[in-house]
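The following exercises are to be worked with the sequence and the coordinates at hand. Each task is followed by a solution in steps.

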Amino acid sequence: MTSTVLKRRALRIEQHPTIPLYVFTLAAEEVHQVADVARISRDEAGKLIGYQRPEKKQHVRQILDYLDGEEVLFPNGLILALPSSVRFKSSPGPGSSDGLCTSGTLEIPVPDSLDAPRPAWIVDGQQRSLALARTRNTRLAVTIAGFVAEDLETQRDQFLRVNTVSPLPTNLVTELLPEVGTALPTKLSARKLPSVLVEALNHDKDSPFRGLVRRPSTTSEQKADAVVTDNSLTTAIQESLNSPAGVFFPHKNLSNGTVDTATIRQILVIYWSAVRDIFPTAWGLPPTRSRLMHGVGIRSMGRLMDRVMMAIDPASPLAVEQARAELALIAPHCRWTQGRWPDLNLPWNELQNNPRHISTLSNYLLRIYVQEKAKAA
């Protein structure tokens, strides 16, 4: 039972022979008056109903934080399955259609009670729709693509098609982050500074990683020398920044949100220059020939950096020499390019870039460092 009809200017897209498709806008506060979420579940007889995933509260919170900001640009709209009761009236005159779409007015029946079933279902954008329902920008215009289909089969078909596209590669997202000046979701924001530092390490003249980091923008001519994947180095820096035991952690001011990036960069250059100098025959080789340049080596040596560099003043002119002396303690116990790792009972090239091997090698390097440090004291 409805008492009102919502009218919106719309385009009817001439696409499917039997399923009408419309593009129009709704105000944020109107989305949940018109559409509901069909969550996946089973009825008492065990029959599958709905198709949507549960709410992801953190994701919705991140979207809501953006929607409540100033000058919101929100082009990624929603896809709705509309009821057959919607009506489209073409605009008068021959100019209303260009052969691909027709302009007009879409009329959507709206229930007269908040408890009554809503006429449409959200096929794509349920997390966005939940944030839109809670935003202070209640009149924000939201782009809607709606197709008329009341049968679940068509709705599920479209739901699966729009949700099974390949996600963006992580390293592509990471490389793009420094170029984005607007506020980012927490997860992406945490990788922005590490990505900036990796970019600097790959280009600065005094960096031991100059030209060695492989990013999505690396050209085919550069790939032969770019032997370190940016994700491994980015993650190593991110770990040190976020762990209270990390050497970079004291250079973050959590009270005002500032970071001493100059000192962090200096520590990176000092430590990894010392690594290059102590392991010259393993440095700069492809990961297939040197596990030092492999993800497992970068991540494990990154964790050792937290321990080694805590006691070294990066402003000291002797800093690189001191770091070399510390790393020399573990050098006789490393098998980056040949042999078997003592204690680990693994050939040098069987270590892989997975959590178990990263933890195993990190633990080994830290244990050896502590033991040799105690002997030298």
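## Exercise 1. Helix α8 and the nonpolar cores

Task: Compare the expected span of α8 with the distance between its end C-alpha atoms, then identify its buried residues and its part in the largest nonpolar core.

Solution.
- Step 1. At 1.5 Å a residue, the 18 residues of α8 should span 26 Å, and the end C-alpha atoms are 26 Å apart, in agreement with that expectation. The model under study is a predicted one.
- Step 2. Buried residues have under 20% relative accessible area. In α8 these are T263, I264, I267, L268, V269, I270, Y271, W272, S273, A274 and V275.
- Step 3. The largest nonpolar core comprises 53 residues, and Y271, W272, M301, M309, I330, W336 and W341 have the most contacts inside it. At least two residues of this core come from each of α6 (186-203), α7 (230-242), α8, α9 (295-308), α10 and α11. The greatest contribution to this core, nine residues, is that of α8.
- Step 4. Another core, of 33 residues, lies apart from it; I63, F74, L80 and L82 are among its members.
- Step 5. For W341, with neighbours within four places in sequence left aside, the contacts are H333, C334, R335, W336, L346, P347, W348, L351, L361, Y364 and L365.

In soluble globular proteins, nonpolar side chains tend to be buried together.

## Exercise 2. The two sides of helix α11

Task: Establish how the buried residues of α11 are arranged about its axis, and what they pack against.

Solution.
- Step 1. The 22 residues of α11 should span 32 Å at 1.5 Å a residue; the end C-alpha atoms lie 31 Å apart, which agrees.
- Step 2. H357, I358, L361, S362, Y364, L365, I368, Y369 and E372 are the buried residues of α11. Viewed down the axis of α11, the buried residues fall within an arc of 160 degrees, so they line one face of the helix.
- Step 3. P355, R356 and A374 are exposed on the other side of α11.
- Step 4. The packing partners of the buried residues of α11 are α9, α10, β15 (340-341) and β16 (346-347).
- Step 5. E372 also forms a salt bridge with K375, with 3.3 Å between the closest N and O atoms. The two residues are three apart in α11 (residues 355-376), which separates E372 and K375 by about one helical turn. E372 is buried at a relative accessible area of 16%, whereas K375 is exposed at 64%.

An α-helix has 3.6 residues a turn, so residues three or four places apart point the same way.

## Exercise 3. Salt bridges between elements

Task: For the pairs K89 and E107 and R324 and D277, state which elements each bridge connects.

Solution.
- Step 1. The structure contains 21 salt bridges.
- Step 2. The side chains of K89 and E107 form one of them, at 3.3 Å from N to O. K89 belongs to strand β7 (residues 87-90) and E107 to strand β8 (residues 101-111), so the pair ties together parts 18 residues apart in sequence. E107 counts as buried, at 14% relative accessibility.
- Step 3. R324 and D277 meet through their side chains in a salt bridge of 2.9 Å, N to O. R324 lies in helix α10 (residues 319-327) and D277 in helix α8 (residues 261-278), so this pair ties together parts that are 47 residues apart in sequence. R324 is partly exposed at 32% relative accessibility, and D277 is partly exposed at 29%.
- Step 4. R8, E29, E30 and R139 are linked in a salt-bridge network.

## Exercise 4. Strand β6 and residue V5

Task: Determine with which strands β6 pairs and in what sense, then describe the surroundings of V5.

Solution.
- Step 1. Four of the five residues of β6 (residues 78-82) are buried, so that the strand is mostly covered.
- Step 2. β6 and β10 (residues 141-148) run parallel and are joined by five bridges. I79 stands opposite A145 of β10.
- Step 3. With β9 (residues 120-124), β6 pairs in the antiparallel sense over three bridges. I122 of β9 is the bridge partner of L80.
- Step 4. V5 is located in strand β1 (residues 2-13) and counts as partly exposed at 46% relative accessibility.
- Step 5. Not counting residues up to four places away in sequence, V5 touches E107, I108 and P109. V5 and R87 are 82 residues apart along the chain, and 9.9 Å separates their C-alpha atoms.

Key
Residues are numbered from 1 along each chain as its sequence is written. This is a predicted model: local features need pLDDT of at least 70, side-chain atom pairs count only at pLDDT 80 or more; totals for chains, interfaces and linings use all residues. Side-chain values use heavy atoms; hydrogens and water are left out. A salt bridge is a side-chain nitrogen of Lys or Arg within 4 Å of a carboxyl oxygen of Asp or Glu. Buried means under 20% relative accessible area, exposed over 50%, partly exposed in between (1.4 Å probe, protein chains only). Two strands pair if DSSP finds at least two bridges between them. The expected span of a helix is 1.5 Å times one less than its number of residues. A nonpolar core is a set of buried Ala, Val, Leu, Ile, Met, Phe, Trp, Tyr and Cys residues joined through side-chain atoms within 4.5 Å. Contact means heavy atoms within 4.5 Å. The arc is that of the directions from the helix axis to the C-beta atoms.
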